[in-house]
Amino acid sequence: MNDRDPAAQDCGGPVKQVSVMPSIFPKWTNLLPLKLAVAVACLGGAATAGVWYYWTPKYSRVGYQPKQPVAFSHNIHADQLGIDCRYCHSAVERSWFSNIPASSTCMNCHSLLLKEDPKLALVRDSYTTGKSIPWVQLHRTPDFAYFNHSVHVNRGISCVHCHGQINHMEEVFHAKPLSMGFCLDCHRAPEEKIRPVDLVTQLDWAGAVDGKKLVNDWNVKPGQSCSTCHR
Amino acid sequence: MRYFFLFFFLSIAATLGITGFRGGYSTRTPLQVFNDMKNQAKLRPQTDSTFPGFADGVSSRPFPAGTVAQQVGYQDNTTWKNDPFNTGRDFSKGDIPNNFVEVNPVPITSELLKRGQDRYLIYCQPCHGAQADGNGITKKLGMSTVANLHDPRIIKMNDGEIFNTITYGKNTMMGYGGNVPVPDRWAIVAYLRAIQLSRLGSKDDVPAPVLEKLK
């Protein structure tokens, strides 16, 4: 209504509503663009946050802890008994691949210790029949990326940086993302992680060492070009 | 809008409830949405193989019996066998069970001893103990037969026989031939001799000035 409306003043009668046009958009639509914007922002934000948080090896791999066929404990063997990693993973210094020990390696001790234990039945079977124990593999680089254990282990990079505190795990789990960004973080700054070579399998070692000096002395230059790992 | 927010926060709660947080433990294999040549048609070590030639269905192949790995530089098994370095045996003494070489065929250097110590601590210490006196951790847990390597019988043994024990084992000790490469076995033998010697010393071996200090 408009009080300058001449018709209204003239007749002096009750105010007459003049409907110029039926409104196409009802009143509630006034806030619609705002609400839509809020909703889209919320959903978009949530989707982005979800992808950022979940669509990464930090979520998808870290914590992967499959059930192993034999209840083998690194905590007992590597920590309490103090067996070196290389007693079992003996190829780790010599090849790209770190082997899972053959059942004969277990039988070195278990032919004399816990001879009758039912937990070790599968190991004894495997040793006598020659059929492998179906250990579930946790860590695996995709086939398009090249990884090598010996180059790291012989240059003072400890297992703990890529596998976590294995010696305290009852059952092994995937502790680090092992994504490309993870590899590159260290390749850009190896001096933060490097340590004397004979301490590589001492996962609890927390001493200080002049990393810059080691990197310099040994001429450690981890490649960052794509062809280092995608060859 | 109220309904939207209700729905929105419920679905966030549901997502968190189902998927959890980073670092949670799970027995599920990590999901792979796009395969992207992550799994190529090649055999990786220690995996299953359906190749018909591999009767046992395993991708890592054992050495066929009586063969020598190519990289060791021998063309045939006989030459390989006749080098005491490889077998710890001296076949010029005849093809008899105890034709072991008397002395380590590898020249003893401080690097060799250091390597030997390193390897000894990895492969032998769990049973024989750091002092080689047979008091490793497994002895304490019930492996009663572990030998004391300071035993006069073992001190008098030929180097080749110890090499042979490492390779194939002896009685209740199993072999380490699969885990310890040949040069490392000789390094361990050399180091073992050094520890044995350390207990055979007498007062006369200590230089006089040092002896003075110890008094």
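A salt bridge here is a side-chain nitrogen of Lys or Arg within 4 Å of a carboxyl oxygen of Asp or Glu. In this predicted model, the side chains of Glu93(A) and Arg86(A) meet that test, with N and O 2.9 Å apart. Neither partner sits out in the open: Glu93(A) counts as buried at 15% relative accessibility, and Arg86(A) is buried too, at 8%. The pair also belongs to a wider network of salt bridges, which links Asp84(A), Arg86(A), Glu93(A), Asp118(B) and Arg119(B). As for the background chemistry, side chains of opposite charge can pair when their charged atoms come close.

Over all chains, the salt bridge count comes to 13. Chain B offers a couple of examples worth a look. One is Arg193(B) with Asp159(B), whose side chains meet at 2.7 Å, N to O. This pair ties together distant parts of the chain, with Arg193(B) in helix 9 (residues 182-200) of chain B and Asp159(B) in helix 8 (residues 159-168) of chain B, 34 residues apart. Both Arg193(B) and Asp159(B) are buried. Another is Lys93(B) with Glu102(B), where the closest N and O atoms are 3.7 Å apart. Here the surroundings are described by other words: Lys93(B) is partly exposed at 36% relative accessibility, while Glu102(B) is exposed, with a relative accessible area of 53%.

Turning to the interface, chain A puts 51 residues into the contact and chain B puts in 47. About 4,300 Å² is buried between chain A and chain B, and carbon and sulfur atoms give 60% of that area. On the polar side, there are 18 residue pairs in polar contact between the two chains, counting pairs with both residues at pLDDT 80 or more. Two salt bridges cross the interface of chain A and chain B. Arg44(B) and Asp143(A) make a salt bridge through their side chains, at 2.9 Å from N to O. On the side of chain A that touches chain B, the elements that give two or more residues are helix 2 (32-54), helix 3 (57-60), helix 5 (85-88) and helix 6 (103-110) of chain A. Helix 2 of chain A gives the most, with nine residues.

Chain A itself is divided into domain 1 (32-59) and domain 2 (91-99 + 138-229). Taken over C-alpha atoms, the centres of these two domains of chain A are 35 Å apart.

What about disulfides? The count over all chains is zero. Cys127(B) is a case in point, as the nearest cysteine sulfur, that of Cys109(A), lies 4.7 Å away. A disulfide needs the two sulfur atoms within 2.5 Å, so a pair at that distance does not qualify. Cys127(B) is buried, with a relative accessible area of 14%.

Finally, a word on the backbone. Most residues other than glycine have a negative phi. Asn219(A) is not a glycine, yet has a positive phi of about 55°. Asn219(A) is placed in the loop between helix 11 (211-217) and helix 12 (226-229) of chain A, and is partly exposed, with a relative accessible area of 45%. In chain B, Asn171(B) has a positive phi as well, at about 45°, again without being a glycine. The loop that holds Asn171(B) runs between strand 1 (169-170) and strand 2 (173-174) of chain B, and Asn171(B) counts as exposed at 77% relative accessibility.

Note on methods. Residues are numbered from 1 along each chain as its sequence is written. Chains are lettered from A and ligands numbered from 1 in the order in which they are written. This is a predicted model: local features need pLDDT of at least 70, side-chain atom pairs count only at pLDDT 80 or more; totals for chains, interfaces and linings use all residues. Side-chain values use heavy atoms; hydrogens and water are left out. Buried means under 20% relative accessible area, exposed over 50%, partly exposed in between (1.4 Å probe, protein chains only). Domain bounds come from an automatic or database domain assignment. Contact means heavy atoms within 4.5 Å. Buried area is the accessible area (1.4 Å probe) that two parts lose on being put together, summed over both. A polar contact is a pair of N or O atoms within 3.5 Å; within protein, one must be able to donate a hydrogen and the other to accept it, and residues adjacent in sequence count only if both atoms are side-chain atoms. Helices (H or I, at least four residues) and strands (E, at least two) are DSSP runs, numbered from the N terminus.
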